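User: I would like a close look at one part of this model, the salt bridges and their surroundings. Please set the scene with the overall fold before going into detail.

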Amino acid sequence: QYEAQLAQQQQQLLTLQQQMQQGAFVPPTPPSDEMFQDDPVGYMQEKIEYDKAKEAYDARAAQLQQMQQQQQQREVQQNNAYIRQQMELLQQKSPEFADPQQAEKVRAELVQGGQDYYGVPAEVLGGLKEAVEIEILRDAIRYRKQQEAKAKTKAKVKKAPQMVKPGARKVQDGEAATRKK
């Protein structure tokens, strides 16, 4: 029943919006002051018709505004419910997000990593809603950090002195040593 009522309200809103766009929903024009000078009785009749039309127009405008506000509230509620659902899914896949302290630390790492590695503004990163998007970003940042650590490790290994292989040192025999001299 709720869904049927929701669909009906959305249909009414669409109908009113279409009427506005097609020009069927225009404010009435008041009678001119010149008409009052020329035909006072006609002016009064026009004024009464104008008042009725204005009242109907105001009622429709108020109805449209109310329906738009309700639509916006429904969209906000649906968006919030979706975000909660995605957060629950994220908490199931990554338990760090279940603990508020760890979650804040992970969020800060995601924002910092997204900015440092990919140049994504914090506003865009804050707008991520999908659990999958967050997981992908997190994995990508971990990969980048791992690659940095790998490069640093290789640089350290190159600077390190050569390892001596185990075993006895080979000694040249005396004759060969003298021939080389």
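How many helices and how many strands does the chain have? And which side chains pair in salt bridges, and where do they lie?

Analyst: This is a predicted model. The chain has seven helices and zero strands. Read from the N terminus, the order of elements is α-α-α-α-α-α-α. The chain has 181 residues, and 15% of them count as buried. Its accessible surface comes to about 14,800 Å². Carbon and sulfur atoms hold 52% of that surface. Among contacts with a separation of 6 or more, 58% join residues 24 or more positions apart.

Now the salt bridges. Side chains of opposite charge can pair when their charged atoms come close. The count here is five salt bridges. Three of them are described below, beginning with helix α3, which spans residues 40-93.

K47 pairs with D51. The closest N and O atoms of K47 and D51 are 3.5 Å apart. Both residues sit in helix α3. They are four residues apart, about one turn of the helix. K47 is partly exposed, because its relative accessibility of 30% falls between the 20% and 50% cut-offs. D51 is also partly exposed, with a relative accessible area of 38%.

K54 and D58 form another bridge. Here the closest N and O atoms are 3.2 Å apart. Helix α3 holds both K54 and D58. Again the spacing is four residues, about one turn of the helix. K54 has 30% relative accessibility and counts as partly exposed. D58 is partly exposed too, at 37%.

The bridge between K93 and E135 has an N to O distance of 3.5 Å. K93 belongs to helix α3 and E135 to helix α6 (residues 131-159), so this pair ties together parts that are 42 residues apart in sequence. K93 is partly exposed, with a relative accessibility of 46%. E135 is partly exposed as well, at 23%.

E135 deserves a further look. Its place is in helix α6. Setting aside residues up to four places away in sequence, E135 touches L90 and K93. The contact with K93 joins the two residues of the salt bridge. L90 and E135 are 45 residues apart in sequence. In space, their C-alpha atoms are 7.9 Å apart.

Next, the stretch around helix α2. This helix covers residues 33-38. M35 lies in it, and so does D38. M35 counts as partly exposed, because its relative accessible area of 24% is not under the 20% cut-off for buried. D38 is exposed, because its relative accessibility of 67% is over the 50% cut-off.

M35 has contacts beyond its sequence neighbours. Leaving out residues within four places, M35 is in contact with P40, G42, Y43 and E46. E46 lies eleven residues from M35 in sequence. The C-alpha atoms of M35 and E46 are 9.3 Å apart.

Charge also gathers on the surface here. D33, E34, D38 and D39 form a patch of negative charge. D38, exposed at 67%, is one of its members. None of these four is in a salt bridge, because patches are made of residues with no salt bridge.

To draw this together: K47 and D51 pair within helix α3, and K54 and D58 do likewise. K93 and E135 instead pair across helices α3 and α6. The negative patch takes in D33, E34, D38 and D39, with D38 placed in helix α2.

Note on methods: Residues numbered from 1 in each chain as written. Predicted model: local features only at pLDDT ≥ 70, side-chain atom pairs only at ≥ 80, totals over all residues. Heavy atoms only, no water. Helix = DSSP H or I, 4+ residues; strand = E, 2+ residues; numbered from the N terminus. Buried < 20%, exposed > 50% of the residue type's maximum accessible area, 1.4 Å probe, protein only. Contact = heavy atoms within 4.5 Å. Patch = residues over 30% accessible without salt bridge, like charges linked within 9 Å, V, L, I, M, F, W, Y side chains within 5 Å. Areas by Shrake-Rupley, 256 points an atom, 1.4 Å probe, with all protein chains shown as cover. Lys, Arg positive; Asp, Glu negative; His and termini not counted. Charge placed at Lys NZ, Arg CZ, Asp CG, Glu CD.
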